[in-house]
Structure formats: structure tokens, C-alpha cells
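Here is a quick walk through one protein model, from the inside outwards. Have the structure open as you read.

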Amino acid sequence: MSNTPMAASPLTRAVLEIDEYVSGLGWDQPARLFALVDTARLRAQEPGLAAQLGLEDEQETTGLTPIEQEEIPAGKPLDEFLGTIAWPDAVVGCALTVERLMLPPSAEASVPEGLGDKKLAQWVAKHPDRQEVRMTVAVLRDGTRDSALRLREKDSPTEVLTGGDLVPGLAEALSATFED
């Protein structure tokens with residue numbers, strides 16, 4: 001991808017590539033799940049698929065190729081869906097993009113107590129300081145993780161925040177998809 005920094009780790013590059021791809025689809029998108037496969041292994045073992053993905057001429061010997069999976073079922077809670085996933089050995093990692101509303105830390109003190117998930121979501125949706133955010137979180141089988149956050153109000157490739165611990169709960173849920 002054109003805006004993906006080459007100095008970053010392969011996982012960071014994959015996260016930013018996925019972020020760039022999903023940002024090109026616009027906002028208000030459903031969650032999207034990606035398998036991460038070793039690019040060199042993919043070219044060697046599946047040359048036809050590598051050609052279809054435009055990878056046959058890449059010079060890089062290390063890297064991860066994100067492969068989008070089937071659409072996540074609408075109406076099924078994300079944690080329940082992730083609990084049903086089992087990856088084949090060829091998949092070295094996975095990534096998920098999801099859009100959410102978030103509040104700044106200063107708003108935490110004003111959250112009413114005793115709200116269920118649905119009521120809390122409604123309260124957040126009406127809060128004047130809410131922010132729409134797209135999170136792209138990726139994990140590898142070995143536990144390595146990375147993520148990218150993009151705010152809707154600052155929707156630009158230069159305004160994407162990256163880091164391994166930005167969305168720890170989602171990273172844990174994705175890591176669990178590799179457990180036996």
C-alpha cells in the first residue's frame with residue numbers, strides 16, 4: 001500500500017495496510033476479520049493465489065499478507081463470534097477492524113451507575129464528547145500484537161495512532177482464537 005511505512009515491523013505494516021483498505025470503504029462499515037499469512041510462504045505454497053493477490057513480483061522476503069474473511073454475521077455479538085473461530089496452521093495471525101463510539105477519559109466520572117450494555121451504549125451515543133473511532137487490531141500466534149486507531153473527525157492516514165496496547169481487550173479476544 002502506498003502510505004504504509006516500510007521501516008515498520010511486518011505486523012505494523014499489515015495493520016496499516018488493513019486500516020488503509022478499510023478507510024477506502026468509508027465509515028459506517030461492519031466489522032471485518034482478516035487472516036494474516038506469511039507472504040513468502042504464500043508465494044511458495046500457493047503461487048496461483050499469490051498471483052491473484054498481486055504478490056508474485058514483490059521483492060520483500062518477510063511480511064504478512066492480510067486475507068479478508070467472510071462477513072461477520074450481523075446481529076451476533078462480536079465476542080460470541082470470535083469464540084467460534086479456529087485458524088488453520090498456515091494462518092500466523094489475525095486482525096479485526098471495528099468501529100465504535102468512545103468517550104474521553106474525562107467523561108468516565110459522569111457515566112451513570114447501573115446501566116446495562118444497551119442503555120450504556122445509548123448514553124454514550126448521546127454524549128456531546130463522543131468520538132467515532134475505527135480500530136484495527138492484529139495479533140500473531142506468538143502473542144505479538146499491534147493496532148491502529150483512526151478518529152472519524154481526523155480521517156487521514158497521517159492521523160492514525162499505532163501501538164501494541166491501544167485496545168488490549170480486543171487483542172486478548174483475538175489471541176484466544178489461536179488457543180486450542
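Which residues of the largest nonpolar core touch the most other members? Keep in mind that this is a predicted model. The core holds 26 residues, and the ones with the most contacts to other members are Leu33, Ile72, Leu82, Trp87, Leu96, Leu170 and Leu174. As a rule, nonpolar side chains in soluble globular proteins tend to be buried together. Here, β1, α4, β3, β4 (131-140) and α6 each put in at least two residues. Apart from this core there is another one, of 14 residues, including Ile18, Val22, Leu64 and Val160.

Leu33 is a handy place to start clicking. Leaving out residues up to four places away in sequence, Leu33 touches Ile67, Glu68, Gln69, Ile72, Phe81, Ile85, Trp87, Ala95, Leu96 and Leu174.

**Rings**

Next, the aromatics. There are two aromatic pairs in the structure. In one of them, the ring centres of Tyr21 and Phe34 are 6.2 Å apart and the planes sit at 90°, so this pair is edge-to-face. Tyr21 belongs to helix α1 (residues 10-23) and Phe34 to strand β1 (residues 32-38), so the pair ties together parts that are 13 residues apart in sequence. Is each partner buried or partly exposed? Phe34 is buried, at a relative accessible area of 3%, while Tyr21 is partly exposed at 33%.

Trp87 and Phe178 make a stacked pair, with 6.2 Å centre to centre and 25° between the planes. Trp87 sits in the loop between α4 (78-82) and β3 (91-102), and Phe178 in the segment after α6 (168-176), so this pair ties together parts that are 91 residues apart in sequence. Trp87 is buried, with a relative accessible area of 13%, and Phe178 counts as buried at 13%.

One more ring is worth a look: the charged end of Arg134 sits over the ring of Trp27, 4.1 Å from its centre.

**Strands**

How do β3 and β4 pair? They run in the antiparallel sense, over ten bridges, and Leu101 stands opposite Glu132 in β4. β4 also pairs with strand β5 (residues 145-151), again in the antiparallel sense, over seven bridges. Thr136 has Ala148 in β5 as its bridge partner. The hairpin of β4 and β5 has four residues between the strands, and Gly143 there takes a positive phi near 100°. β4 is mostly covered, with nine of its ten residues buried.

**Salt bridges**

How many salt bridges does the whole structure hold? A search finds seven, and three of the pairs are set out here.

| Pair | N to O distance |
|---|---|
| Arg32 and Glu68 | 2.7 Å |
| Glu132 and Arg152 | 2.8 Å |
| Arg150 and Asp155 | 2.8 Å |

Arg32 lies in strand β1 and Glu68 in strand β2 (residues 64-68), so their salt bridge ties together parts that are 36 residues apart in sequence. Arg32 is buried at 16% relative accessible area, whereas Glu68 is partly exposed at 31%.

Glu132 in strand β4 and Arg152 in the loop between β5 and β6 (161-163) are 20 residues apart. Glu132 is partly exposed, at 30%, and Arg152 counts as partly exposed at 31%.

Arg150 is buried, with a relative accessible area of 3%, but its partner Asp155 counts as partly exposed at 37%. Asp19, Arg150 and Asp155 are linked in a network of salt bridges.

Conventions: Residues are numbered from 1 along each chain as its sequence is written. This is a predicted model: local features need pLDDT of at least 70, side-chain atom pairs count only at pLDDT 80 or more; totals for chains, interfaces and linings use all residues. Side-chain values use heavy atoms; hydrogens and water are left out. Rings of Phe, Tyr and Trp (its six-membered ring) pair if their centres lie within 6.5 Å; planes under 30 degrees apart count as stacked, over 60 as edge-to-face and the rest as tilted. Buried means under 20% relative accessible area, exposed over 50%, partly exposed in between (1.4 Å probe, protein chains only). A charge sits over a ring if NZ of Lys or CZ of Arg is within 6 Å of the ring centre and within 35 degrees of the ring normal. A nonpolar core is a set of buried Ala, Val, Leu, Ile, Met, Phe, Trp, Tyr and Cys residues joined through side-chain atoms within 4.5 Å. Contact means heavy atoms within 4.5 Å. Two strands pair if DSSP finds at least two bridges between them. A salt bridge is a side-chain nitrogen of Lys or Arg within 4 Å of a carboxyl oxygen of Asp or Glu.
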